[in-house]
Amino acid sequence: MHRELVSAQQLTFATLMPVIYEYLGIIIGFYTNDHEPIHIHATYGDAVMKVILHTKDGKVYRTTYQEVTGKFPPMKLKQLKAFVAKHKEAMLFAWEQVFTYGNTIQRVVITKKI
């Protein structure tokens, strides 16, 4: 088993926002003062990716990815996309809990590849 290195970017990211998932070294969350469209931020090392959750009738019908800073390694981007595909509805639910209802959410740490 190896440990993923945590960058200063990830530490800053994790202290300024609710982190909803940690997945194989990827930190996933959103800023509490964020705006629509509904999206999450994912960090790995010094790379930050914005993942927009396009919704219609309360369901995610499409996701788009935008690099914010740095570049995700190809394998990590593939892992992120697989993770988002599996958990996009839960991410939408978490967004609604925080931004619509003002609730807090619990971080989920997943250490096994999905």
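The turns below go through the charged side chains of this predicted model.

Trainee: How many salt bridges does the structure hold?
Mentor: Side chains of opposite charge can pair when their charged atoms come close. One such pair here is R107 with E22, and E67 with K71 is also a salt bridge. The number the structure holds is two.

Trainee: How far apart are the closest N and O atoms of R107 and E22?
Mentor: A salt bridge needs a side-chain nitrogen of Lys or Arg within 4 Å of a carboxyl oxygen of Asp or Glu. R107 and E22 form one, and their closest N and O atoms are apart by 2.4 Å.

Trainee: Which parts of the chain does that pair link?
Mentor: R107 and E22 are 85 residues apart, so the pair links distant parts of the chain. R107 is in the loop between α2 (74–99) and β6 (108–110). E22 is in strand β1 (residues 19–23).

Trainee: Is K71 buried or exposed?
Mentor: K71 meets E67 in a salt bridge at 3.5 Å, N to O. E67 has a relative accessible area of 44% and is partly exposed. A residue counts as exposed over 50%. The relative accessible area of K71 is 63%, so K71 is exposed.

Trainee: Is K76 buried or exposed?
Mentor: K76 has its place in helix α2. Buried means under 20% relative accessible area. For K76 the value is 9%, so K76 is buried.

Trainee: Which residue has its backbone oxygen 2.6 Å from a polar atom of the side chain of K76?
Mentor: The limit for a polar contact is 3.5 Å between N or O atoms. The side chain of K76 has a polar atom 2.6 Å from the backbone oxygen of L24.

Note on methods
Residues numbered from 1 in each chain as written. Predicted model: local features only at pLDDT ≥ 70, side-chain atom pairs only at ≥ 80, totals over all residues. Heavy atoms only, no water. Helix = DSSP H or I, 4+ residues; strand = E, 2+ residues; numbered from the N terminus. Buried < 20%, exposed > 50% of the residue type's maximum accessible area, 1.4 Å probe, protein only. Polar contact = N/O pair within 3.5 Å; in protein donor to acceptor, adjacent residues only side chain to side chain.
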